[in-house]
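Student: Let's go through this model by question and answer. Keep it brisk, please.

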Amino acid sequence: MTRFTRRSVVGGAASIAALHATGAFGQSAPAGGPVALNIVDVAGNLQLTQAAIERFVRENPKLVSKVNFSRAPSPELPAKLKAQQQANRVDIDLVLTGPGAMSDGIQQGLWVDVWKSQAALLPKAEEVYHEQALMMQRNFGQNEGVAVAYSPSGPLFEYAPDRLKTVPKTAEEFLAYVKQNPKRFTYARPVNSGPGWTFLQGLPYILNDADPADPMKGWDKTWAYLKELGTGIDYYPGGTTPTMKELGEGTRDVIVSTFGWDINPRALGIVPKEAEVFVLANTHWIPDTQFMCIPKGTAEAKIPVLLALMSHMLKPEAQAGTYDKGYFYPGPAVKGVTLAMAPQESRDVLKEYGRPAYDDLIAKTPTKPPLTPERLVAAFRRWDQEIGVGHGAPN
């Protein structure tokens, strides 16, 4: 595994600091010339960030020779990275990830602690992030992940109004609906789904459980509710997209959703525009954040370039792109980025498919931090073992 030495870190810091001082990215090159970057997305993040990353590459030919993008399932990445690190053959330079792979990576010590060891080469978190994203950065990203996109997320429930005539208002009413209408509701495996992730962590607040921050000792009501809910569910898809398709095709009447997963699939035509959403009584938002992480073992020559890319991605012009087509609504993690700064296409999509009530709903609903990484991993594991078991994909 590549080791970071004081000389390499200080030398890299000096080279990038000089670029910052002159404002001349692309005028100086790392020792050995520009580097190729291999970026893996396990969270659909490239939909929000690829254009800004490619712009950085175009504007900095002396830093980056090319960038290779690839995608991978979130649950599989930590084991793959661990194997590469043990073999001293890391070929992934940057991971774009949601909570699942990042938490697992923090648990296993897979990521470079950039906010601790490389803080001088990143913007000051308290100066760039808005309040909620800063909360996620400090409590969840910790020293390893650099937050790049933010959403209050959910949990929301999305439904076909022509098929669900009476909308449940409480957890009890919703459970009764699912049991009375088997196979008409499902949600995706939480470890690989933003909506599933927020639903799992939001339910303890809806149910007023003993300790929503402790899935092992404080979620007795939640685990019992999920088991009972499962009696009306035939299978849990491996990701969110199948749930959207099933809602659009009429296989499901209700699914778990989030702000972005409501807006974007309707804009893309996967879900009918007429689909509606509801929240249950006592809902608290469990925000979702996507992060940039550098795996340990990445070549030393690439570290300063990656940090420069990360800094670029926190600039307002790059952040404006995270509005996208509503995929991670709103999207920006930094202060002062408004929809008026977003590309015209984003503004058009959100005007047609956004919901006017959302901003008010976001403002009025309490927000709670997600579980800490170690507890989130434990919750995912327990869900897989106690709830998801025996509910695999149909043949």
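Student: Which residues of α12 meet V349, L350 and Y353 in α15?
Tutor: This is a predicted model. In it, V349, L350 and Y353 form the α15 side of the contact. On the α12 side stand I263, R266 and A267.

Student: By class, how many nonpolar residues does the contact of α12 with α15 have?
Tutor: One residue of this contact is charged. No residue is polar. The nonpolar count is five.

Student: Is α12 roughly parallel or roughly perpendicular to α15?
Tutor: The axes of α12 and α15, residues 344–353, come within 10 Å. They cross at roughly 100°. Angles from 65 to 115 degrees count as perpendicular, so α12 and α15 are roughly perpendicular.

Student: And is α8 roughly parallel or roughly antiparallel to α10?
Tutor: Helix α8 spans residues 171–180 and helix α10 spans residues 220–230. Their axes come within 9 Å and cross at roughly 25°. The cut-off for parallel is under 35 degrees, so α8 and α10 are roughly parallel.

Student: Which residues of α10 make the contact?
Tutor: The α8 side consists of A171, F174, L175, V178 and K179. By class, the contact of α8 with α10 has six nonpolar, no polar and two charged residues. From α10 come Y225, E228 and L229.

Student: Which helix gives the most to the lining of the largest pocket?
Tutor: The largest pocket has a volume of about 680 Å³. Of its 37 lining residues, the closest to the centre are V42, A43, G44, W261 and Y327. Several elements supply at least two lining residues each, including α2 (46–59), β4 (146–154) and α12 (259–268). The most, five residues, comes from α12.

Student: How many residues in the lining of the largest pocket are polar?
Tutor: Three lining residues are charged. Another 16 are nonpolar. The polar count is 18.

Student: Where is P155 found?
Tutor: P155 follows a cis peptide bond from G154, with omega near 15°. Most peptide bonds are trans. P155 is found in the loop between β4 and β5.

Student: Which residue does a cis peptide bond join to Y329?
Tutor: Omega is about -5° for this bond. The partner lies in the loop between α14 (316–319) and α15. Y329 is joined to P330.

Student: What is the phi of Q142?
Tutor: Q142 sits in the loop between α7 (131–141) and β4. Most residues other than glycine have a negative phi. Q142 is not a glycine, yet its phi is positive, at about 50°.

Student: Over which residues does pLDDT stay under 50?
Tutor: The protein averages a pLDDT of 91. At least 70 is scored by 92% of the residues. The stretch under 50 has 38 contacts beyond four places in sequence in the model. It covers residues 1–27.

Note on methods. Residues are numbered from 1 along each chain as its sequence is written. This is a predicted model: local features need pLDDT of at least 70, side-chain atom pairs count only at pLDDT 80 or more; totals for chains, interfaces and linings use all residues. Side-chain values use heavy atoms; hydrogens and water are left out. On a 1 Å grid over the protein atoms alone, a cavity is a set of points where a 1.4 Å probe fits but cannot get out, and a pocket is an open set with protein on both sides within 12 Å along at least five of seven lines; lining residues have an atom within 4 Å of a point. Grid points are joined across faces, edges and corners, and a volume is the space filled by probe spheres set on the points. Helices (H or I, at least four residues) and strands (E, at least two) are DSSP runs, numbered from the N terminus. Ala, Val, Leu, Ile, Met, Phe, Trp, Tyr, Cys and Pro count as nonpolar, Asp, Glu, Lys and Arg as charged, and the others, Gly among them, as polar. pLDDT is the predictor's confidence in each residue, from 0 to 100. Contact means heavy atoms within 4.5 Å. Axes are lines fitted to C-alpha atoms, for helices over the stretch in contact, and angles run from 0 to 180 degrees between N-to-C directions. Angles under 35 degrees count as roughly parallel, over 145 as roughly antiparallel, 65 to 115 as roughly perpendicular and the rest as oblique.
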